[in-house]
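Biologist: Got a minute to go through this model with me? Let me pull it up first.

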There are 2 protein chains.
Amino acid sequence: MRIGQLAQLVGVETQTIRFYEQQGLLPPPDRQDNGYRVYTEKYGEGLAFIRRCRILGLSLAEIHELQSYQDDPHQPCTAVNALLDDHISHVRSQITALQALEKQLVSLRASCNDDREVEACGVLAGISEGNMHQQ
Amino acid sequence: MRIGQLAQLVGVETQTIRFYEQQGLLPPPDRQDNGYRVYTEKYGEGLAFIRRCRILGLSLAEIHELQSYQDDPHQPCTAVNALLDDHISHVRSQITALQALEKQLVSLRASCNDDREVEACGVLAGISEGNMHQQ
DNA sequence: TAAAACTATAAAGCTACTATAAGGTCAATA
DNA sequence: TATTGACCTTATAGTAGCTTTATAGTTTTA
């Protein structure tokens, strides 16, 4: 299997596969005589694992960490769970921050309507005045 | 006022000020004979405006857009409000996406406990199996 | 006077790719 | 046979919004 087929199979771009290989997230595959990369089906599983982790919002560094755990399968999986817990709390704090931001934006937006001139725009005035600590 | 004082006043790094200037978000200030930038207090208002926009999650491009509206104060502020509406809906979709992600992460985390070996880790198994479409 | 603190510019680094350039390989077609 | 098209290769640059580093000149302080 060449890189294009693998890419189609997993649903990524060929450059992404080369990029992961370059970043050390995927092992260098065998090459044909002409230099083309050749992949086994099993290789696709590793790639799919990375993609699922990315969809879950894990960074490449975190994925690398998970892979290092997989290399040593008889240690307790405490660290894996801890990584996920950290990630969950990170996602939660993002949500909280965005919700606060939404409130602020909505209240800012409510301070204006479309019938004004820029000079009197409540939105711009709101940003300029800097009363942004009203939570 | 030199760049360090301005930076302290507004609460940014000096490099950030130079960066905004370079990006055209701030006008080039006067220079002393030695080449040092000199700022007025009023200049700080423009900088503070940018920072507040950034805190609201606006991109530098959006800030640039807002500035262009400010340059023409007698047009209706429809565009300003539209920009903010777009941004609000962007923030809302981010929140929705993150909430879905959180659910997925929590359910993944619930599939394991700390008493297992990596080999049997429910989290890693969950990612590897790829049953990630269960919403 | 010498060190510490400030300023300047330019360039690289960060994340996770994506896009572009310039070229080599292969199978099918005109 | 020549060439077109689809595929592959590497290397490099671009994205956002800074931050960091390098190198050097200037001012302030001890």
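Modeller: Sure. Let's fix one term before we start: a salt bridge is a side-chain nitrogen of Lys or Arg within 4 Å of a carboxyl oxygen of Asp or Glu. This is a predicted model, where local features need pLDDT of at least 70, side-chain atom pairs count only at pLDDT 80 or more, and totals for chains, interfaces and linings use all residues. Residues are numbered from 1 along each chain as its sequence is written, chains are lettered from A and ligands numbered from 1 in the order in which they are written, and side-chain values use heavy atoms, with hydrogens and water left out.

Biologist: OK, how many salt bridges across the interface of chain B and chain A?

Modeller: The rule finds 4 there. In one salt bridge, Arg92(A) meets Glu102(B) at 2.5 Å, N to O.

Biologist: And which helix gives the most to the side of chain B that touches chain A?

Modeller: H5(B), with 20 residues. Helices here are DSSP runs of H or I, at least four residues, and strands are E runs of at least two, numbered from the N terminus. By class, that side of chain B has 26 nonpolar, 12 polar and 11 charged residues. Ala, Val, Leu, Ile, Met, Phe, Trp, Tyr, Cys and Pro count as nonpolar, Asp, Glu, Lys and Arg as charged, and the others, Gly among them, as polar.

Biologist: What's the area buried between the two chains?

Modeller: About 4600 Å², with carbon and sulfur atoms giving 71%. That's the accessible area (1.4 Å probe) the two parts lose on being put together, summed over both.

Biologist: Switching to the DNA. How many residues surround strand C?

Modeller: 19, and Tyr36(A) and Arg18(B) are among the closest. Near means a heavy atom of the residue lies within 4 Å of the strand. Of the strand C atoms within 4 Å of the protein, sugar and phosphate make up 82%.

Biologist: Which side chain is 2.7 Å from a base nitrogen?

Modeller: Tyr36(A), through a side-chain N or O atom. On the phosphate oxygens, Tyr20(A) has a polar side-chain atom at 2.8 Å, and Asn34(A) has one at 3.0 Å.

Biologist: Last one: why does His87(A) count as buried?

Modeller: Because its relative accessibility is 5%, and buried means under 20% (exposed is over 50%, partly exposed in between; 1.4 Å probe, protein chains only). His87(A) is in helix H5 of chain A, residues 78-110. Not counting residues up to four places away in sequence, His87(A) touches residues including Leu56(A) and Leu105(B), contact being heavy atoms within 4.5 Å.

Key. Polar contact = N/O pair within 3.5 Å; in protein donor to acceptor, adjacent residues only side chain to side chain.
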